[in-house]
Amino acid sequence: MKFKKYLMIAAALALVSLASVKTTMAYFTDTKEATGGVTLSLGDSRLTPHETVDGLVKHITVENTGNYDVFIRVKAVYGSNYDASVVDKTSAGWQLKDDGYYYYKDVVKAHETAPELQLQIKVKDNTAVENSFNVVIIQEATLAIYDGDNVSADWTKTVMSRSDYDAKFSNQGNEPAAQQNQSTDTDNGQGEGDN
């Protein structure tokens, strides 16, 4: 009698299990097809400098070839016997600040170029003039931060700090870490394209 009771319970469980297998299989094998798509891009904020020299005037434009609106700044690096200053009438919108950078006041939209900055190179001591000299232009960008009707720049943000860079890349490759760091361009707070 006990055996029949257990047999009936087992048969009932088997029947319930078999009945639910079909629904379970349908649930796990059901498919839907979706069409369409969205292209996602992390983008890039990349600058392309354009420089020409006419006598002692350096003509500089910076093109935003990236995908984001940015603010830009430019710095001229030169020897101690030289000085550079903005040619006032032709460099509207550029302003020299205390950190030595010339800041362009407006947002430079993606795929647009900032107006030309003209720097007049001046020789301080004519007796020590060299046959040639080089004025290196450093350009940097930071993303334009939109907040309603306001737009601002945060020049303190960096893509990667030097210490983080060193920690991440110091043990890669066969070169010693010091050689790798010497041959790597500085990030300048912007990432790729800051040459």
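## Terms and overall make-up

A residue is called buried when its relative accessible area is under 20%, exposed when that area is over 50%, and partly exposed in between. With these words in hand, the account below describes a predicted model, beginning with the chain as a whole and then turning to its strands and to parts of its surface.

The protein chain contains three helices and nine strands, and, read from the N terminus on, these elements follow one another in the order α-β-β-β-β-β-β-β-β-β-α-α. Of the 195 residues in the protein chain, 23% are buried, while the area that the chain exposes comes to about 14000 Å², with carbon and sulfur atoms supplying 54% of it. Among the contacts in the chain with a separation of 6 or more, 68% are made by residues that stand 24 or more positions apart.

## The four-stranded open sheet

Four of the strands make up an open sheet, in which the order is 1-2-7-4 and the pairing is antiparallel. At its edges lie strand 1, residues 47-54, and strand 4, residues 82-86, each of which pairs on one side only. From one strand to the next, the twist of this sheet averages 25°.

Within the sheet, strand 2 (residues 57-64) and strand 7 (residues 117-123) run antiparallel and are joined by four bridges; one residue to look for here is Lys58, whose bridge partner in strand 7 is Leu119. Strand 7 is also joined to strand 4, again in an antiparallel arrangement, by five bridges, and in this pairing Asp83 has Lys122 of strand 7 as its bridge partner. The two faces of strand 4 can be told apart by their cover, since Tyr82, Ala84 and Val86 belong to the covered face, whereas Asp83 and Ser85 belong to the uncovered one.

## Strands 3, 8 and 9

Another set of pairings involves strand 8, which spans residues 136-147 and runs antiparallel to strand 3, residues 70-77, with eight bridges joining the two. In this pairing the bridge partner of Phe71 is Thr142, a residue of strand 8.

Strand 8 pairs with strand 9 as well, in the antiparallel sense and over four bridges, and here Tyr146 has Val151 of strand 9 as its bridge partner. The hairpin formed by strand 8 and strand 9 has two residues between the strands, and in this hairpin Gly148 takes a positive phi near 65°.

## The loop after strand 9

Beyond strand 9 (150-153), and before helix 2 (162-169), the chain passes through a loop in which Lys157 lies. Lys157 counts as exposed because its relative accessible area is 54%, a value to be read against the cut-off of over 50%. Although Lys157 and Thr142 are 15 residues apart along the chain, their C-alpha atoms are separated by 7.8 Å; Thr142 is the residue already met as the bridge partner of Phe71.

## A nonpolar patch on the surface

On the surface, Tyr6, Ile9 and Leu13 form a nonpolar patch, and together these residues have about 340 Å² of accessible area. Tyr6 has its place in helix 1, which covers residues 2-29. With a relative accessible area of 55%, Tyr6 is therefore classed as exposed.

Notes: Residues numbered from 1 in each chain as written. Predicted model: local features only at pLDDT ≥ 70, side-chain atom pairs only at ≥ 80, totals over all residues. Heavy atoms only, no water. Pairing = 2+ DSSP bridges. Axes fitted to C-alpha atoms, helices over the stretch in contact; angles between N-to-C directions. Buried < 20%, exposed > 50% of the residue type's maximum accessible area, 1.4 Å probe, protein only. Contact = heavy atoms within 4.5 Å. Areas by Shrake-Rupley, 256 points an atom, 1.4 Å probe, with all protein chains shown as cover. Patch = residues over 30% accessible without salt bridge, like charges linked within 9 Å, V, L, I, M, F, W, Y side chains within 5 Å. Salt bridge = Lys/Arg side-chain N within 4 Å of Asp/Glu carboxyl O.
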